[in-house]
Structures are given as C-alpha cells and as structure tokens.
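Dear colleague,

I am passing on a structure for you to look through at your own pace. Please open it first, and then read the notes beneath it.

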Amino acid sequence: MPDEKKSPTLAVREYRDSDRDAVWALWRESGVMADPERAGQDLEFCRASADNTLFVGLQDRRIVATIMAGLDGHRGWFHYVAVDPDNHGTGLGRHMVAHAEKWLAGRGAVKVELMISQTNHAVLRFYENLGYGPEPRVVMTRDIGS
Ligand SMILES: CC(C)(COP(=O)(O)OP(=O)(O)OC[C@H]1O[C@@H](n2cnc3c(N)ncnc32)[C@H](O)[C@@H]1OP(=O)(O)O)[C@@H](O)C(=O)NCCC(=O)NCCS
C-alpha cells in the first residue's frame with residue numbers, strides 16, 4: 001500500500017457492454033472472479049434487474065474499480081468489490097462503497113450486508129475502517145441449482 005494517501009479522482013458510472021474486457025481483466029487481477037462462467041451469469045442477472053447494478057470507477061478513462069450493488073427488498077448487498085492492485089490503499093474502495101451505499105439508500109435499503117471469509121483479514125479490516133462490523137449470525141446455505 002502506498003505511504004501517502006491521495007484523494008481519489010474517480011469518475012463512477014454504471015457498467016456498459018463495452019466495459020466487459022476491462023472489467024474481466026480487473027476481476028481476474030484482483031481475485032474476485034473465481035469462476036468466469038459464474039461471473040458472466042451474475043453480470044447477466046444484475047443487468048436484467050432494476051434492483052441490481054454494477055458501477056465502474058474510472059481514472060483517466062481506465063476502469064480501476066468496480067462494485068456490484070443489489071437490493072433484496074430490505075437489505076442491500078455488495079459483490080465484486082474490486083480495485084486495481086496498483087491502486088490499493090488510495091481510497092478508491094472507500095469511494096466505490098460510498099457510491100453504492102448512496103444508490104441503495106436511494107432505493108429504500110436500510111442496511112447493507114456482506115459475507116466475508118473469516119480468514120480474509122485484509123477485507124475485514126477494509127470494511128471495519130468503513131464502519132462495518134460483524135453481527136452474531138450463522139449463514140446457512142443450500143445448493144438448489146442443477
Ligand atoms: C478490498 C479492496 C476493495 C479495498 O480497496 P482499496 O481501494 O485498497 O481501499 P481504500 O484505500 O479505499 O481503503 C479504505 C480504508 O480501509 C483501509 N484498508 C484497505 N485495505 C486494507 C488492508 N488490507 N488492511 C488494513 N486496512 C485496509 C485503508 O487503510 C482505509 O482506511 P482509512 O481511510 O480509514 O485510513 C481492495 O483491496 C481489493 O480490491 N482487494 C481485492 C479484491 C477483494 O478482496 N475484494 C473484496 C471481495 S469481498
């Protein structure tokens with residue numbers, strides 16, 4: 001992480017079809033895309049729903065950050081929170097989260113929930129610095145796809 005923090009000069013807008021290659025490269029480099037096929041499905045679902053969106057953050061017209069935000073009717077969710085590794089620690093992640101929070105709040109969300117692996121200390125600290133905290137819940141899941 002750079003020693004000095006810069007205020008991010010970031011232009012944030014919604015994803016466009018022409019962003020696909022740049023977003024795929026960013027997701028690969030930042031490690032948020034475990035399975036490209038799954039990522040493609042997530043993106044398709046996101047774009048087909050008025051309650052979900054993908055924001056891209058641009059510096060000098062280059063995509064350096066993303067955040068997918070979704071509303072489940074009550075809570076907001078984030079996915080694909082990614083910042084170009086060369087720009088970590090410069091405030092871009094904070095900026096993207098604030099932008100997505102505003103978008104969700106404008107649609108009536110009262111809370112944002114996140115799932116982070118317990119061992120992902122870097123991301124835990126990132127969200128802690130943004131005012132997020134753990135809640136004593138057990139996440140239960142079941143695969144229902146074929
Ligand atoms: C997590 C991630 C999005 C953070 O983005 P970023 O632009 O580097 O974070 P910021 O510079 O906006 O940091 C915001 C705050 O979190 C802190 N922070 C960020 N990363 C941190 C880390 N690894 N350890 C400790 N603190 C960290 C910053 O110091 C800053 O605190 P401050 O402003 O109160 O001093 C980025 O590291 C990333 O893309 N990681 C890989 C992908 C990933 O794991 N995404 C999350 C999937 S759930």
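The notes below deal with one helix and then with one residue of a strand.

This is a predicted model, in which local features need pLDDT of at least 70 and side-chain atom pairs count only at pLDDT 80 or more, while totals for chains, interfaces and linings use all residues. Residues are numbered from 1 along each chain as its sequence is written, and side-chain values use heavy atoms, with hydrogens and water left out.

Helices (H or I, at least four residues) and strands (E, at least two) are DSSP runs, numbered from the N terminus. Helix H3 comprises the 15 residues 92–106, which at 1.5 Å a residue should span 21 Å, the expected span being 1.5 Å times one less than the number of residues; its end C-alpha atoms are indeed 21 Å apart.

Buried means under 20% relative accessible area, exposed over 50%, and partly exposed in between (1.4 Å probe, protein chains only). In H3 the buried residues are Leu92, Gly93, Met96, Val97, Ala100, Trp103 and Leu104. They cover an arc of only 130 degrees around the axis (taken from the directions from the helix axis to the C-beta atoms), which puts them on the same side of H3. The face turned away from that side carries the exposed residues Lys102 and Gly106.

Ala69, found in strand S3, is buried, with a relative accessible area of 1%. Leaving aside residues up to four places away in sequence, Ala69 touches (heavy atoms within 4.5 Å) several residues, including Trp77, Ala100, Trp103 and Leu104.

With best wishes
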